[in-house]
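Biologist: I'd like a close look at one part of this model, the strands at the start of the chain, and then at whatever you come across on the way out from there. Here it is.

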Amino acid sequence: ILHVAPGLFRIQHDSGGDYLLKFAFEHTTPQLVESETMMDLDPTVDFRHRPEQSRSLLLKFLDQFEEIDARWQHWYEPITFKLISRCAQYQKEILDREPTKSVDEFGQSTLLAALLRSLVITHQLAEVDGRYSNLWPVGDSTVHVFLYEGVDEYWGLGPLITVQKQARMTSPRAVLPIRRRLRGLPMTLQKAIATMQRVIIRRRPQDLPYLLYSLCLLALIRSCFRPSAQFLTPILEAGDEIEEILRTFCKLYLFCSDDTHPLTEHFDPTKYAKT
């Protein structure tokens, strides 16, 4: 799965061809898109050389989750929407503790932000199989164009999705811009998973709530990798890898927390706070 650019993915299929997925709002005002959908950070933002701008944009990204139930309406049940929103709020609280510190895009203090970004991006892939699954034609057409763009009464605002079958690119990474390749979904998710591993193995009790939120987000990300459309098989395979990582991290979390967490049957908040 190559995240070529914002809203543009290249799926390499075992059949020998590639599928280019494009998500775009061509007939909707930018203002409506910004207010009705979830948007990832601008990939051109340089976190290292523009710390003030990067912090401001990261907080703006997190603010979207206050209305996630309206932006992704009917996608999750209310309790899950509340959980995702709380993850974003907790990330903002962590950033507010050190308001003058430079923001590391993939640091331990921004782990939840990286996972939330991954969720926003993978949600696009899930929409192909969710919102539009009944529109997939039978057969091997060269190009599928879904002429759906606008506000749906049930799903809310949706993009125009173009799916184009192309010949297999022998060396795809060689033609991708380095900046976009590093800041796309695979790198963002890999960095977040590596950070989760570092935080788990240092076994600090104060990290337990942070890690629990992280595991919940990773589980939601994994749920976006369950397509039924045949050409999306590589996404399913990537989901299996995430599943294995998630299970390993859950076992490590249970071991490091001594099975003390809010999901246990006899959870004691007082004992948890003392821990």
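In which sense do β2 and β3 pair, parallel or antiparallel, and over how many bridges?

Modeller: Quick housekeeping before the strands. This is a predicted model, so to speak only of what passes the filters: local features need pLDDT of at least 70, side-chain atom pairs count only at pLDDT 80 or more, and totals for chains, interfaces and linings use all residues. Residue numbers run from 1 along each chain as its sequence is written, and side-chain values use heavy atoms, with hydrogens and water left out.

Now your strands. β2 and β3 pair in the antiparallel sense, over 5 bridges. By pairing I mean that DSSP finds at least two bridges between two strands; the elements themselves are DSSP runs numbered from the N terminus, with helices being H or I of at least four residues and strands E of at least two. To pick out one position in the ladder, Ile 11 stands opposite Tyr 19 in β3.

β2 has a partner in β1 (residues 2–5) as well, again antiparallel, over 3 bridges. There, Ala 5 has Leu 8 of β2 as its bridge partner. The hairpin of β1 and β2 has 2 residues between the strands, and its Gly 7 takes a positive phi near 80 degrees.

Back to β3: 7 of its 8 residues are buried, so the rest of the structure largely encloses this strand. (Buried is under 20% relative accessible area, exposed is over 50%, and partly exposed is in between, with a 1.4 Å probe and protein chains only.)

The two strands also share a ring contact. Phe 9 and Phe 23 make an edge-to-face aromatic pair, 5.9 Å centre to centre with 85 degrees between the planes. Phe 9 sits in β2 (residues 8–12) and Phe 23 in β3 (residues 17–24), so the contact ties together parts 14 residues apart in sequence. Phe 9 counts as buried at 0% relative accessibility, and Phe 23 is buried too, at 9%.

For comparison, take a ring pair elsewhere: Tyr 90 and Tyr 213 have centres 5.4 Å apart and planes at 50 degrees, so they count as tilted. Tyr 90 belongs to helix α4 (residues 78–97) and Tyr 213 to helix α8 (residues 208–223), so this pair bridges 123 residues of sequence. Tyr 90 is buried at 12% relative accessibility, and Tyr 213 is buried at 18%. The cut-offs: rings of Phe, Tyr and Trp (its six-membered ring) pair if their centres lie within 6.5 Å, and planes under 30 degrees apart are stacked, over 60 edge-to-face and the rest tilted. A search of the whole structure finds 6 such pairs, and ring pairs also link Trp 72, Tyr 76 and Phe 81 into a cluster.

Staying with α4, that helix also carries Gln 91, which counts as buried at 0% relative accessibility. Its C-alpha is 8.9 Å from that of Tyr 210, although the two are 119 residues apart in sequence.

Since you're at the start of the chain, look at the second largest pocket too. Its volume is about 410 Å³, and of its 14 lining residues, the closest to the centre are Ile 1, Pro 186, Gln 190, Ala 238 and Glu 241. For the method, a pocket is an open set of points on a 1 Å grid over the protein atoms alone, with protein on both sides within 12 Å along at least five of seven lines, and lining residues have an atom within 4 Å of a point. Helices α7 (185–201) and α9 (233–256) each supply at least two lining residues, and α9 gives the most, with 6. By class, the lining has 10 nonpolar, 1 polar and 3 charged residues.

A residue from each of those helices to finish. Lys 191 is in α7 and is partly exposed at 38% relative accessibility; its C-alpha lies 8.6 Å from that of Gly 107, 84 residues away along the chain. Phe 255, in α9, is exposed with a relative accessible area of 56%, and its C-alpha is 9.9 Å from that of Ile 200, 55 residues away along the chain.

Methods
1 Å grid on protein atoms, 1.4 Å probe; cavity = no way out; pocket = protein on both sides within 12 Å on 5 of 7 lines; lining within 4 Å. Points joined across faces, edges and corners; volume = space filled by probe spheres on them. Nonpolar A, V, L, I, M, F, W, Y, C, P; charged D, E, K, R; others polar.
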